[in-house]
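Visitor: Got a minute to look at the aromatic rings in this one with me?
Guide: Sure, let me pull it up.

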Amino acid sequence: MTQAELEFFMGHEAALPLYAELRERLFERWPETELRVSRTQISFKARYGFAFVSTRRMGRKCPEVFIILSLGLGRELKSGRVLAASEPYPGRWTHHIIISSPEEIDAELLAWLAEAREFALTK
């Protein structure tokens, strides 16, 4: 993990293990993924960004320890796990998912990540 990633979690240190698990699972599958840390999010890119991690609270009450994973897809996900979804451009959906335990980084979430990565490579 880079220094920039560690600094991103200053003030949210308890969420770092969640991010570390997600990062590890993502790079296991796609080691060529590019990573970019900005002030508000960490972006994972194929051709374009496909997954984004933040620690900001979104509307409804969040657990004490969490990260928000945002995914770009070509369709709307219909799942109770999705906190919010919007279609900023026709056929481009952004989904926000709260992750509050390592168990939530499961096969379903990894399949959505794979779909988001494929979408980023083909759009």
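Visitor: Which rings are linked into a cluster by ring pairs?
Guide: Phe-8, Phe-9, Tyr-19, Phe-27 and Phe-44. A pair here means Phe, Tyr or Trp rings (six-membered ring for Trp) with centres within 6.5 Å; planes under 30 degrees apart are stacked, over 60 edge-to-face, the rest tilted.

Visitor: What sort of model is it, and how are residues numbered?
Guide: It's a predicted model, where local features need pLDDT of at least 70, side-chain atom pairs need 80 or more, and totals for chains, interfaces and linings use all residues. Residues are numbered from 1 along each chain as its sequence is written, and side-chain values use heavy atoms, leaving out hydrogens and water.

Visitor: How many aromatic pairs does the whole structure have?
Guide: A full search gives 5. One of them is Tyr-19 with Phe-44, tilted, at 6.2 Å centre to centre and 35 degrees between planes. Tyr-19 is in helix α2 (residues 16-29) and Phe-44 in strand β2 (residues 42-45), so this pair ties together parts 25 residues apart in sequence. Helices (H or I, at least four residues) and strands (E, at least two) are DSSP runs numbered from the N terminus.

Visitor: And how do Phe-27 and Phe-44 pair up?
Guide: Edge-to-face, because their planes sit at 65 degrees, with centres 6.1 Å apart.

Visitor: Is Phe-44 buried or exposed?
Guide: Buried, at 0% relative accessibility. Buried is under 20% relative accessible area, exposed over 50%, partly exposed in between (1.4 Å probe, protein chains only). Phe-27 is buried as well, at 18%.
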